[in-house]
Structure formats: C-alpha cells, structure tokens
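Q: I'm new to this structure and would love a close look at one part of it. Could you walk me through it step by step?

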Amino acid sequence: QLLERMTAIETKLVNKQKENLNGSIGCTWKDLGFTQDEVRKTFGVDYNSRWDDYLVNPCGVDLSGVAKPQGGGSYPAADVDKLITAVENRMDGLNTQNQSDMISLQSLTTKRDQRYDLIAAMIKSFQNVLIGNVGNMR
C-alpha cells in the first residue's frame, strides 16, 4: 500500500511538473490535483494537510536536502526534481526490502516442504514396520 500511495504522489508530481511552465508546485493535496475523496480514501489524512508531510512521516522519504516552503508557499522547479528523486529512492529501498523478504519467505517455504516430506516418509516407514509385525504374528 505504501508503494502504491507513493507512486500516486510521484505520478502527480511528475504530471504537475510537466504542466507547469515555471515548474513550481504547491504543498497542498489540491495543488497536486487530488480530490478530497481520493485523499481521504487512499491516504487516510485530512485534505487540508500537506502532501510533503505525508511523504516524510508515514512514507519515510528523506527530504532533508529540500527546503520546506512555509505557509502556502510552493516548491521551485529545482526542488521538485529533488522531491521526485527522493520519492524514487525511498521506493527503490522498499522494493529491495520486498525482494529480500520474498527470498526469505521462499526459503522458509522450501524448508517447510522438506520437513513435510520427511515426516510423510517417516510415517510411511512406520506403517511398513507395523504391517510387517502384523504379518509376523500370523
């Protein structure tokens, strides 16, 4: 979900950057082109909050290299490029973690399957011994 939300913000940033001739982008969700319903349903935050705060707190994007505009200010074109790069870097980090988690999960699944096969073989062996014992009792 976090990756999907960050992708939605990044897409809006890129589109707004292409639309604006001067390249500056405001700090509100409205400035990015989100509707109130989109913000409430997709991000679960107040429409009047700032999208850059959302990137920092829930998403963990490092915006330390970008000066945060005060009040109703906007990010200049050079900072918009830095914002997009920061979002992409965080998304790459999350994707790397997801791949690592998937490899670990596959390893655990393989170990589980091997244990299941071992237990099944042991039960079959016990069954053969029991059948042999019953045969010897006749």
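Which side chain does R112 meet in a salt bridge? Please start there and then take me along the helix α5.

A: Happy to! One thing to keep in mind is that this is a predicted model. The side chain of R112 meets that of D113 in a salt bridge, at 2.8 Å from N to O. R112 counts as exposed because its relative accessible area is 52%, over the 50% cut-off. D113 is partly exposed, with a relative accessible area of 34%.

Now for the helix itself. Helix α5 covers residues 77-137. Its 61 residues should span 90 Å at 1.5 Å a residue, and the C-alpha atoms at its ends are indeed 90 Å apart, so the two values agree.

Some residues of α5 are tucked away: D79, V80, L83, I84, A86, V87, M91 and L94 are buried. What do the buried residues of α5 pack against? Their partners are α1, β1 (25-26), α4 and β2 (74-75).

For a view from the α1 side, try E10, which sits in helix α1 (residues 2-19). E10 counts as buried because its relative accessibility is 13%, under the 20% cut-off. Leaving aside neighbours within four places in sequence, E10 is in contact with I84, V87, E88 and M91. Of these, I84, V87 and M91 are among the buried residues of α5. E10 can also be placed relative to D92: the two are 82 residues apart in sequence, with their C-alpha atoms 13 Å apart in space.

Back on α5, D79 takes part in a salt bridge as well, meeting the side chain of K82 at 3.9 Å, N to O. Both residues lie in α5, three residues apart, which is about one turn of the helix. An α-helix has 3.6 residues a turn, so residues three or four places apart point the same way. The two partners differ in exposure: D79 is buried, with a relative accessible area of 12%, while K82 is partly exposed at 43%. A search of the whole structure finds six salt bridges.

Finally, look at F126, also in α5. With 52% relative accessibility, F126 counts as exposed. Together with L118 and M122, F126 makes a nonpolar surface patch of about 320 Å².

To retrace the tour, α5 has buried residues that pack against α1, β1, α4 and β2, a salt bridge between D79 and K82, another between R112 and D113, and the exposed F126.

How values were computed
Residues are numbered from 1 along each chain as its sequence is written. This is a predicted model: local features need pLDDT of at least 70, side-chain atom pairs count only at pLDDT 80 or more; totals for chains, interfaces and linings use all residues. Side-chain values use heavy atoms; hydrogens and water are left out. Patches are made of residues with over 30% relative accessible area and no salt bridge: like charges are joined within 9 Å, nonpolar side chains (Val, Leu, Ile, Met, Phe, Trp, Tyr) within 5 Å. Accessible areas come from the Shrake-Rupley method with a 1.4 Å probe; for residues, only the protein chains shown count as cover. A salt bridge is a side-chain nitrogen of Lys or Arg within 4 Å of a carboxyl oxygen of Asp or Glu. Helices (H or I, at least four residues) and strands (E, at least two) are DSSP runs, numbered from the N terminus. Buried means under 20% relative accessible area, exposed over 50%, partly exposed in between (1.4 Å probe, protein chains only). Contact means heavy atoms within 4.5 Å. The expected span of a helix is 1.5 Å times one less than its number of residues.
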